[in-house]
Amino acid sequence: MDSSKIAEIIREVLRWESRCLETAANRIDASTFGALEILKGCTGRIVVTGMGKMGHVARKAAATFSSTGAPAFFLHPSEALHGDLGMVAKADVVIVLSNSGETAELLELVPHLVRQGIPLIALTGRRESTLARRSQVTLDISVAREADEISSAPTASTIVTMAMCDALAVALMRVRGFTREQFAIFHPSGHLGKKMLTTVQDVMHSGERMPVARPTISMREAIVEMSKKGLGCVVAIDDQSQVVGILTDGDLRRLLAANHNPLSETLQQHLVQRPKTVRSDLLAAEALQVMERHAITVLPVVDASQRLVGVLHLHALVQIGLA
């Protein structure tokens, strides 16, 4: 089989699954709203269960709900019948995934959940199935066929089911007013978590680590301070510790490139006045935007009274993975 034939097979699968998703999107009805209302009113956890390929989808769905502010876990139906059913409480809601709606392990589990009065939301491809009849709400995840016309291996049906679970999780997140900041709290090691939680104060150089000087010192002394602190700059402050200017190693290189020897002159003569500054409570990601916008690698950090409290270098943002 040549590459063009293989490429066409892959395109056919992707196009077919895309059409199945579009069909599912056009089926949104009162049942979908009913499922969302049940999930919104859940005071316990969302339990997601399924067998085989649908079990893998259920695991992913539970993880998605949990990461978007709705505590959830995956329940293996067979293990549930051998003791794990004890993890399910009356305040929980159970989402059951089964394309056929006749999965034996699930049908054996369902009566025990119904007996406890736990709301069931079924995602199934057959509205007339046993699972659908025993559930409080049924969402239609049917597909005309799977992506492979030769076999019935779950492909399009699992894609539609996973997408529906994603849609429910996102909708629930929106109606509950879940924020980006809350999402970041649940993902402290992730890129978004770092962007949303890390402030300039967390990564700036402060105290004795700051390259700071009075503007009246000589350029020779300023260069010594710049070299000793290793941030490629020296920040000049006045008697109230307010920033009056900055000198960077780039500024120094430009002076030398112009055949100018500044060593006998004062720092004040070569300061860049009114430099860009940031507040210590600013998000580090926002400080990075300032650096990128003005093509600079270092920023003096000030407090509400514009007093110098730190120096932020691009390298610090690189080290935490923001840049």
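The legends below describe close-up views of a predicted model.

**View 1. Confidence along the chain of the predicted model.** Over the chain as a whole the mean pLDDT is 90, and 94% of the residues reach 70 or more. Among the elements of the chain, the lowest mean pLDDT, 58, belongs to helix α9, which covers residues 191-197, whereas the highest, 98, belongs to strand β3, which covers residues 93-98.

**View 2. Surroundings of S4 in helix α1.** Helix α1 spans residues 3-25 and includes S4, whose side chain makes a polar contact of 2.8 Å with the side chain of D2. S4 has a relative accessible area of 49% and is therefore partly exposed, since the exposed class begins only over 50%. As a gauge of distance across the model, the C-alpha atoms of S4 and A91 lie 54 Å apart in space, with the two positions 87 residues apart in sequence numbering.

**View 3. The cavity and the residues that line it.** A search of the whole structure finds one cavity of 30 Å³ or more, and the volume of the largest cavity is about 60 Å³. Its lining is made up of A24, R27, I28, D29, S31, T32, R127, T138, L139, D140 and M164, which divide by class into four nonpolar, three polar and four charged residues. Two elements, α2 (30-40) and β5 (137-140), each supply at least two residues of this lining, and the largest share, three residues, comes from β5.

**View 4. Strand β5 and its pairing with β4.** Strand β5, which gives the largest share of the lining of the largest cavity, runs parallel to strand β4 (residues 120-124), and four bridges join the two strands. Within this pairing, A122 stands opposite T138 of β5, and T138 is also one of the residues that line the largest cavity. Both faces of β5 are covered, with V137 and L139 buried on one side and T138 and D140 buried on the other.

**View 5. The open sheet formed by β10, β11 and β12.** Three strands make up this open sheet, in the order β10-β11-β12, and their pairing is mixed. The edge strands are β10 (278-279) and β12 (308-313), each of which pairs on one side only. Between β10 and strand β11, which covers residues 298-302, the pairing is in the parallel sense and extends over two bridges; V278 has V301 in β11 as its bridge partner. R279 also lies in strand β10, and the separation between the C-alpha atoms of R279 and V302 is 5.1 Å, although these residues are 23 positions apart along the chain. R279 counts as partly exposed because its relative accessibility is 37%, a value that falls between the limits of 20% for buried and 50% for exposed residues.

**View 6. The largest pocket and its lining.** The largest pocket has a volume of about 320 Å³ and is lined by 20 residues, of which T248, D251, I296, T297 and V298 lie nearest its centre. Two or more residues of the lining come from each of β8 (243-248), α12 (249-257), β9 (272-273) and β11, and α12 provides the largest share, four residues. Classified by residue type, the lining holds nine nonpolar, six polar and five charged residues. Strand β11, one of the elements that give two or more residues to the pocket lining, is also one of the three strands of the open sheet in the order β10-β11-β12.

**View 7. Loop residues S241 and Q306, with positive phi.** Most residues other than glycine have a negative phi. S241, a residue other than glycine, nevertheless has a positive phi, near 65°, and it is placed in the loop between β7 (233-237) and β8. With a relative accessibility of 29%, S241 counts as partly exposed. Q306 likewise has a positive phi near 65°, and its place is in the loop between β11 and β12. The relative accessible area of Q306 is 39%, so this residue is partly exposed.

Key:
Residues are numbered from 1 along each chain as its sequence is written. This is a predicted model: local features need pLDDT of at least 70, side-chain atom pairs count only at pLDDT 80 or more; totals for chains, interfaces and linings use all residues. Side-chain values use heavy atoms; hydrogens and water are left out. Buried means under 20% relative accessible area, exposed over 50%, partly exposed in between (1.4 Å probe, protein chains only). A polar contact is a pair of N or O atoms within 3.5 Å; within protein, one must be able to donate a hydrogen and the other to accept it, and residues adjacent in sequence count only if both atoms are side-chain atoms. On a 1 Å grid over the protein atoms alone, a cavity is a set of points where a 1.4 Å probe fits but cannot get out, and a pocket is an open set with protein on both sides within 12 Å along at least five of seven lines; lining residues have an atom within 4 Å of a point. Grid points are joined across faces, edges and corners, and a volume is the space filled by probe spheres set on the points. Ala, Val, Leu, Ile, Met, Phe, Trp, Tyr, Cys and Pro count as nonpolar, Asp, Glu, Lys and Arg as charged, and the others, Gly among them, as polar. Two strands pair if DSSP finds at least two bridges between them. pLDDT is the predictor's confidence in each residue, from 0 to 100.
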